[in-house]
Amino acid sequence: VIFSANGTNAAKSSAATFAAAGSYTLTVTVTDGGGLATTSSVNVTVAQTITSVVVTPATASVTKGLSIGFAAGVSDQFGDLMSPQPAVAWSAGGGGTIDSGGLFSAVTAGGPYSITASSGSASGGASVSVSKATATVTLGDLAQTYDGSPKPASAITNPAGLAMAFTYDGSATVPSDAGSYAVVGTIQDADYQGSASGTLVISKAAQSIAFGAPPAKMYGDAPFALGGMAGSGLPVSYASSDATVATVSGNVVTIAGVGSTTITASQAGDANHGAAENVPQILTVAPSYYSWASDNNLPSASAGMSQDADGDGLCNLLEYALNTDPMRPNASPLACDLESVGGREYLRLTIPKNPAAADVTYAVEVCGDLAAGSWSAADTVVEEDGADRLVVRDKIPVGDAQRRFMRLKVSVAR
């Protein structure tokens, strides 16, 4: 206790200042000039008054979903803790809930949020920050195949359904081309954090070639185009196994000789497509008038079908059709005789054929007067039509009153 005045006459009116609550006995002693003294006492009780509240810890942090405890110390007017401690009311300014014992349960990440403890008219505060909870991330769809469309990765989170952001080699653009990409998936959520990394592999697409067998050709046919197509839309390449039969430039085949060659279609692929399986097809080039002319060394100046290189009266086309030597004069190989059928005689023509002349058509016609327009094949009977011989007779018999004529026509297909 401190007195404002003491030990002098001025102390007859003195103020007592207390430093702590409690029960006190104040004693006054008065002494006169002769040394006579008298004493008097009074009992004083100083009661505690709630003056302040201090919350500890003053600042705190906690992860969403977890809890942290706060304590409140209520002090009196002298700064001393109240004894016993009075009841305290707790409140939280967001981020979660706090119970009557000061236990704060974090619900929402963020902050700092205020924590208040109140007792009587006094209150004290603290702050708490709530950090995001850690969620697990499992990446998916990391193995895909190129088809020209973007190929995003996916993710499963725990808790489920959290929003995600992905980067591919550091870019947010979802790749579509074949290749390997470093993927990072990061949770985008106010209350949860977490990420996972992996490798997205977009494999090359498989492809196949549609390439049908080319039509049979004859020596001398014009160059023709191949029509193979790759499922990828990429250009198809071609190669001939025998350049003496046919050569290929781009997709155009040029006939070079008689025989067979394998035309192989291939497609090597690109950055997004694997190589296609090769497709081989056989091209057959049959002999023709032109290969026959070349094989028989007909001079180019006299190699026309209507020309007669050996001057024997048979044009080159007939030499070809009848399988005779075009460079050596020949008598006509045709044989004409009479055939007896049912007691009547019929004109018959026997014609040798060139077995290699697949492009030649043989036609035998008959008439009775050699007039133009009277020739017809309808009145004939084909008795034999083999690879090397054709035998045809007239349907109308030879008689005293009429004449019959037969002729051979050959043509070459083009």
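These legends go with close-up views of salt bridges in a predicted model.

**View 1. The D337–R348 salt bridge.** Here D337 pairs up with R348, and the closest N and O atoms sit 2.8 Å apart. The two partners come from distant parts of the chain: D337 belongs to strand β31 (residues 335-341) and R348 to strand β32 (residues 344-352), 11 residues apart. D337 has a relative accessible area of 32%, so it falls between the 20% and 50% cut-offs and counts as partly exposed.

**View 2. The E339–R393 salt bridge.** Strand β31 shows up again, this time through E339, which forms a salt bridge with R393 in strand β35 (residues 389-394). The closest N and O atoms are 4.0 Å apart, and the pair spans 54 residues of the chain. Buried or exposed, what are E339 and R393? Both are buried.

**View 3. The R407–E365 salt bridge.** R407 forms a salt bridge with E365, with 2.7 Å between the closest N and O atoms. R407 lies in strand β36 (residues 405-412), while E365 lies in strand β33 (residues 360-367), and 42 residues separate them. The partners sit in unlike surroundings: E365 is buried, since its relative accessible area of 14% is under 20%, whereas R407, at 31%, is partly exposed.

**View 4. The shared-partner network.** Which residues do salt bridges with shared partners join into one network? They are D337, E339, R348, E383 and R393. That puts the pairs D337–R348 and E339–R393 in one network, along with E383. Across the model, the count comes to 10 salt bridges.

Definitions and conventions. Residues are numbered from 1 along each chain as its sequence is written. This is a predicted model: local features need pLDDT of at least 70, side-chain atom pairs count only at pLDDT 80 or more; totals for chains, interfaces and linings use all residues. Side-chain values use heavy atoms; hydrogens and water are left out. A salt bridge is a side-chain nitrogen of Lys or Arg within 4 Å of a carboxyl oxygen of Asp or Glu. Helices (H or I, at least four residues) and strands (E, at least two) are DSSP runs, numbered from the N terminus. Buried means under 20% relative accessible area, exposed over 50%, partly exposed in between (1.4 Å probe, protein chains only).
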